[in-house]
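Dear colleague,

I am passing on the structure we spoke of, with the sequence alongside. Please open it before reading my notes, which come after it.

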2 protein chains.
Amino acid sequence: MKDVADMIIPTLDDMLAAHERIKPHIHRTPVLTSSYFNDLSGAELFFKCENFQKAGAFKVRGASNAVFGLSEEDADKGVCTHSSGNHALSLSYAAGRRGIPCNVVMPRTAPQAKKDAVRGYGGTITECEPSTTSREAVFAEVQAATGGNFVHPYNDPRVIAGQGTCSRELMEQTDGLDMVIAPIGGGGMISGTCLTLSNIAPEVKIIAAEPEQADDAYRSFKAGHIIADDAPNTIADGLKVPLKDLTWHFVSNHVTDILTASEDEIIAAMKLTWQRMKIVIEASCAVPLATILKNKDTFAGKRVGVIITGGNVDMDTLPWIKG
Amino acid sequence: MKDVADMIIPTLDDMLAAHERIKPHIHRTPVLTSSYFNDLSGAELFFKCENFQKAGAFKVRGASNAVFGLSEEDADKGVCTHSSGNHALSLSYAAGRRGIPCNVVMPRTAPQAKKDAVRGYGGTITECEPSTTSREAVFAEVQAATGGNFVHPYNDPRVIAGQGTCSRELMEQTDGLDMVIAPIGGGGMISGTCLTLSNIAPEVKIIAAEPEQADDAYRSFKAGHIIADDAPNTIADGLKVPLKDLTWHFVSNHVTDILTASEDEIIAAMKLTWQRMKIVIEASCAVPLATILKNKDTFAGKRVGVIITGGNVDMDTLPWIKG
């Protein structure tokens with residue numbers, strides 16, 4: 001890691017060390033293709049299926065790297081975090097594998113399936129209101145009470161190094177790519193992707209995909225500095241959080257473009273993926289495909305890696321069915 | 001093929017020839033495992049994922065074998081069939097690949113997604129009432145009008161030989177199994193499984209799984225002769241059809257047992273598979289898992305192949321969500 005402007009920036013060596021550290025605890029997820037979506041988009045798409053990942057999402061990569069990198073002394077006090085969902089259950093999973101306590105602050109509106117999974121892995125939940133302000137306030141209390149090591153869901157060099165292992169595998173599993181596209185919320189996956197690709201495949205363009213209704217990263221990218229929303233509203237519940245200094249470092253230096261999609265476009269892409277690929281993906285992971293289908297000229301004829309970030313869905317409330 | 005009591009019985013050589021013939025037109029589908037379902041059942045389960053198959057179901061194996069085995073002269077007249085869904089679209093897919101006409105009779109209550117898919121592959125649909133009696137009457141008219149080669153959805157030696165290729169792959173993809181379980185409707189998949197396993201792995205027990213509300217195969221098996229229902233009612237819409245002489249031949253000679261599950265048990269197993277394995281499966285394919293979870297003593301400690309037969313689901317009407 002290197003120290004730049006008061007930030008600890010993870011390096012290629014940190015990503016490689018993370019991959020060795022977490023391999024016993026994660027799946028090397030498959031890369032699927034779909035002749036249907038290739039025909040529809042005009043591009044050649046390679047879906048890196050982190051919905052099949054342990055704990056159901058890519059976030060287990062960064063969380064496991066943080067948990068298994070702790071000294072024995074630090075590990076004894078456990079870990080804590082705040083998260084809109086998948087980081088919470090990934091950290092609970094990793095802490096459970098190491099046998100240490102895990103305390104998480106989750107918005108009370110988080111999907112029930114995710115809350116159940118956190119508790120299933122042995123994590124302890126404290127609920128907050130669904131806003132950044134509330135989450136940070138409640139978390140400060142929990143951290144003070146428990147003394148656990150804070151593993152931020154994305155603005156943490158250990159987490160970013162862990163997420164970077166995903167695109168390393170994707171490059172190994174495909175025969176060269178022109179672009180990689182992933183959703184952007186706080187920017188952890190995109191930052192890990194930037195860390196890895198800027199070192200091992202700098203010719204690959206990196207595109208971030210974001211909901212129109214939570215487009216703080218898009219507006220930040222255009223403005224040249226971080227712009228945060230408080231309490232944005234989108235079906236893509238994993239993407240409501242803002243960029244922070246470390247993820248902004250990677251986004252501002254390495255991302256080629258940020259594209260956005262409407263709620264209807266996201267829901268349509270999600271449903272179509274379930275129907276045609278027979279896989280369960282979260283609304284957040286449908287954002288990249290939605291942007292591909294509305295910007296076909298950008299992707300036509302290209303070999304595009306698409307990171308399917310997770311599959312933890314509340315099956316009782318699907319967005320295309322009115323209950 | 002050998003002629004027994006006025007039936008043409010497919011042989012091991014027919015299955016092997018079918019596999020060569022259809023390989024360019026099908027996927028070698030993956031076998032997935034789930035630590036969650038292994039823990040829940042006490043068995044070691046190997047899911048053969050025909051939901052990822054071309055046209056979304058195993059039926060494309062038998063349909064392709066029939067279509068691509070036709071002489072040029074016979075092929076010119078096209079093919080025709082009646083089917084509750086997946087055979088209709090599989091035959092349409094195969095006929096489309098060969099460039100010949102395909103006429104199918106489908107119950108008017110078949111899922112809209114399946115009707116759309118048949119038409120998408122170029123098939124022509126004639127609707128009937130949702131009963132065996134109506135289907136056979138309407139089909140006789142269609143066949144007389146078109147003169148196409150009748151490819152029965154299951155009681156056809158070409159179809160059974162094609163379905164048998166699935167368990168051949170399953171045995172190649174696993175390191176030995178104690179049992180294979182598959183759903184039973186008309187008995188095409190089970191018959192193909194019997195054909196293959198009785199020849200290449202006779203030590204493997206074959207279990208059929210059936211909805212309680214369409215349990216004609218279970219009652220036939222116990223009685224020792226075919227008992228048919230007219231118009232049974234179950235969420236597992238692929239399993240409403242009765243056994244016929246050829247499939248009864250295989251079921252009565254090679255199946256170890258038939259287990260049944262209630263509608264609620266089937267729906268719960270279907271939803272749990274979507275939630276935990278992140279794959280889209282039809283209600284019909286959830287019947288084997290439902291019977292495993294209610295008969296744990298039968299399967300505990302065993303290596304069990306589970307054939308996931310298809311993934312063509314009407315996403316707008318999921319059985320656990322009241323619309």
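The notes below take the relation between the chains, then their interface, and then a sheet in one chain.

Please bear in mind throughout that this is a predicted model.

**How the chains are related**

Chain B can be superposed on chain A by a rotation of 179° with 0.0 Å of shift along the axis, and the fit leaves an RMSD of 0.0 Å. That is the relation of a two-fold axis. The same surface serves both copies, in that 100% of the contact residues of chain B recur in chain A. If you want a landmark for the axis, B:Ile279 is the residue of chain B that comes closest to it, with its C-alpha at 2.2 Å.

**The interface**

Chain B contributes 21 residues to the contact, and chain A likewise contributes 21 residues. Between them the two chains bury about 1,700 Å², of which 58% lies on carbon and sulfur atoms. On the side of chain B, the three residues B:Lys278, B:Met315 and B:Ile321 supply 37% of the area that this chain buries against chain A, which is more than any other three residues give.

As to the polar part of the interface, there are 2 salt bridges between chain B and chain A. A salt bridge joins A:Lys271 to B:Asp316, where the closest N and O atoms are 2.7 Å apart. Counting residue pairs in polar contact, with both residues at pLDDT 80 or more, gives 10 between chain B and chain A. Among the elements of chain B, helix α12 (residues 263-277) gives the most to the side that touches chain A, namely 4 residues. Sorted by character, the residues on that side of chain B divide into 9 nonpolar, 7 polar and 5 charged.

**A sheet in chain A**

Turning to the fold of a single chain, 4 strands of chain A form an open sheet with parallel pairing, in the order β7-β6-β5-β8. Its edge strands are β7 (124-128) and β8 (149-150) of chain A, each of which pairs on one side only. At the β8 edge, strand β5 (residues 79-82) of chain A pairs with β8(A) in the parallel sense over 2 bridges. If you would like a residue pair to locate this pairing on screen, A:Val79 has A:Asn149 in β8(A) as its bridge partner.

With best regards

Notes. Residues are numbered from 1 along each chain as its sequence is written. Chains are lettered from A and ligands numbered from 1 in the order in which they are written. This is a predicted model: local features need pLDDT of at least 70, side-chain atom pairs count only at pLDDT 80 or more; totals for chains, interfaces and linings use all residues. Side-chain values use heavy atoms; hydrogens and water are left out. Copies are superposed by least squares on the C-alpha atoms of residues with pLDDT of at least 70 in both. Contact means heavy atoms within 4.5 Å. Buried area is the accessible area (1.4 Å probe) that two parts lose on being put together, summed over both. A salt bridge is a side-chain nitrogen of Lys or Arg within 4 Å of a carboxyl oxygen of Asp or Glu. A polar contact is a pair of N or O atoms within 3.5 Å; within protein, one must be able to donate a hydrogen and the other to accept it, and residues adjacent in sequence count only if both atoms are side-chain atoms. Ala, Val, Leu, Ile, Met, Phe, Trp, Tyr, Cys and Pro count as nonpolar, Asp, Glu, Lys and Arg as charged, and the others, Gly among them, as polar. Two strands pair if DSSP finds at least two bridges between them.
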